[in-house]
Amino acid sequence: MGLLSNTVSLCPFDVVGDFPAAATSPTERAAWIGEQLQQFAFRSIEHSGEEQALGWVTLDDFQCSEFAGNTDWWRDEYVCFSLRRDQRRLPAALVRAELARAQQRFLAENPTFQRVPKERNEELKEQVRACLLTRVLPTPAVYDVLWHLPSGRLFLCHLAASTLDVATDLFQKTFTGLRLVLVHPLARARQILSADLTHALAAADQAPADASVVEQIERNRWLGWEFLRWLMYQTTQGSSLYAVQRPGPAAGGTAFRAWLDDRLLLAGAVQSGVQKVTVVGPQDNFDEVCSALRQDKQIIEATLHFERGEQSWRLTLKAELFQFGSFRCPAVRLERDGAVENEQLGLFYERLHVLAEGLQLFDSLLLTFLQQRLGPAWPQLCQRVEAWLHPADSVD
């Protein structure tokens, strides 16, 4: 699911650091970015025996890795390109069979040996793998990247931890002086809160002042958990109407609806490890979810729905990292004008528009939660939520 698909997964990062001193203007920065992309562009291993190739390609054509003299990757305030990773994968059974044949040949040629010596066996393994790799075609995988230069926000269109690690490492090698920092829940909260609530958020921060990003995420998992529990409670109470509070395509104050439904994943610690419960299907009263919450589990993943006017969005929120999985936006339809390049560019900008609006609605919803979570009425709301979760314990 790439950036131009109606459904895409998004992992947000902030690009931090300094551009080279010689790259101060937008044009100079674009030129430098193009040079760096070209330096670390993808190089095919199809006619070699290498096991893996990694590099950058253009957004619209994963077979094109030419950035020098090509400005298609620079679109107004955005830099867009893709990470391509080609890998050759050898079936373990095939490697074992070929190795067994090589061992038999060695023993036939050396009758004084009853078994292949350890060092020679390792050499045979490497020879077998090298021989097989030349006969296996590499399998390509492509992950789109969208970088908004003015804000420094970058989205990688994939959520697998191994891919994120590879992408962040290559980004930092490519753009010396810059690095990617994950926009985790607490960081996102800091960025959207008004000044009058930042002190309250700092007081709620459970990580030490000098904590690493990993520790901040670990210590403040409560934020994502409480956000989804709050939204579930709001959904059951019929309180699904909110107002746009963050800048973006939709006008400030515009009404929209938001609710949970379809699929929720809960997790909790038990003696033998972590126990997970998945609840799937339309939710009327969230009875199964409430039962799991009463057993000290937390909602760690849920499907969120947004509606504004006739348009709708749907996404799977990973609560502990605020990653957006299967983010489905309104379908983009363009009138054909006979120019393929114009159609592709028009599709790109229309996709950015509906994506930006979906993120605007999410941030507005999150801000509404934070205003309540950090406000004076939060203890009373918690009491109502607990009474709803444990109706047998409430007093008539």
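Which backbone oxygen does the side chain of Gln36 reach? Let's find out by walking through this structure, which is a predicted model.

Start at helix 1, residues 26-39, where you'll find Gln36. The side chain of Gln36 reaches the backbone oxygen of Thr174, at 2.7 Å. If you set aside the neighbours within four places in sequence, Gln36 is in contact with Thr174 and Phe175. Is Gln36 buried or exposed? Gln36 has a relative accessible area of 11%, so it counts as buried.

From Thr174, hop over to helix 4, which covers residues 161-174. Helix 4 takes us to the largest cavity, because that cavity's biggest share of lining, three residues, comes from this helix. The structure holds one cavity of 30 Å³ or more, and the space in the largest cavity comes to about 40 Å³. Strand 6, residues 153-156, also supplies at least two of the lining residues. Among the residues around this cavity are Phe13, Trp56, Val145 and Phe171. What kinds of residues make up the lining? Eight are nonpolar, one is polar and none are charged.

Now for the largest pocket. About 580 Å³ of space lies in it, and 21 residues line it. Look for Arg153, Phe155, Ala356, Leu359 and Asp363, which lie nearest the centre of the pocket. Several elements give two or more residues to this lining: strand 1 (7-17), strand 5 (139-148), strand 6, helix 5 and helix 10 (340-373). Helix 10 has the largest share, with six residues. As for the classes, eleven of the pocket's lining residues are nonpolar, five are polar and five are charged.

Helix 5 deserves a stop of its own. How many of the eight residues of helix 5 are buried? Six of them are, so this helix, residues 185-192, is largely enclosed by the rest of the structure. The buried ones are Pro185, Leu186, Ala187, Arg188, Ala189 and Ile192.

Next up, the cysteines. A disulfide is a covalent bond between the sulfur atoms of two cysteines. How many disulfides does a search of the whole structure find? The count is zero. Take Cys157: the closest cysteine sulfur is in Cys11, and at 10 Å that is too far for a bond, because a disulfide needs the two sulfurs within 2.5 Å. Cys329 runs into a similar problem, since its closest cysteine sulfur, in Cys157, is 11 Å away, which is too far for a bond. Cys157 is buried, with a relative accessible area of 5%, and Cys329 counts as buried at 5% relative accessibility.

Let's finish with a couple of backbone oddities. Most residues other than glycine have a negative phi. Phe322 isn't a glycine, yet it has a positive phi of about 55 degrees. You'll find Phe322 in the loop between strand 12 (311-318) and strand 13 (323-328). With a relative accessible area of 0%, Phe322 is buried. Move along into strand 13 and you meet Ser326. Ser326 has a positive phi too, near 45 degrees, and is likewise a residue other than glycine. Where Phe322 is buried, Ser326 is partly exposed, with a relative accessible area of 34%.

How values were computed: Residues numbered from 1 in each chain as written. Predicted model: local features only at pLDDT ≥ 70, side-chain atom pairs only at ≥ 80, totals over all residues. Heavy atoms only, no water. 1 Å grid on protein atoms, 1.4 Å probe; cavity = no way out; pocket = protein on both sides within 12 Å on 5 of 7 lines; lining within 4 Å. Points joined across faces, edges and corners; volume = space filled by probe spheres on them. Helix = DSSP H or I, 4+ residues; strand = E, 2+ residues; numbered from the N terminus. Nonpolar A, V, L, I, M, F, W, Y, C, P; charged D, E, K, R; others polar. Buried < 20%, exposed > 50% of the residue type's maximum accessible area, 1.4 Å probe, protein only. Polar contact = N/O pair within 3.5 Å; in protein donor to acceptor, adjacent residues only side chain to side chain. Contact = heavy atoms within 4.5 Å.
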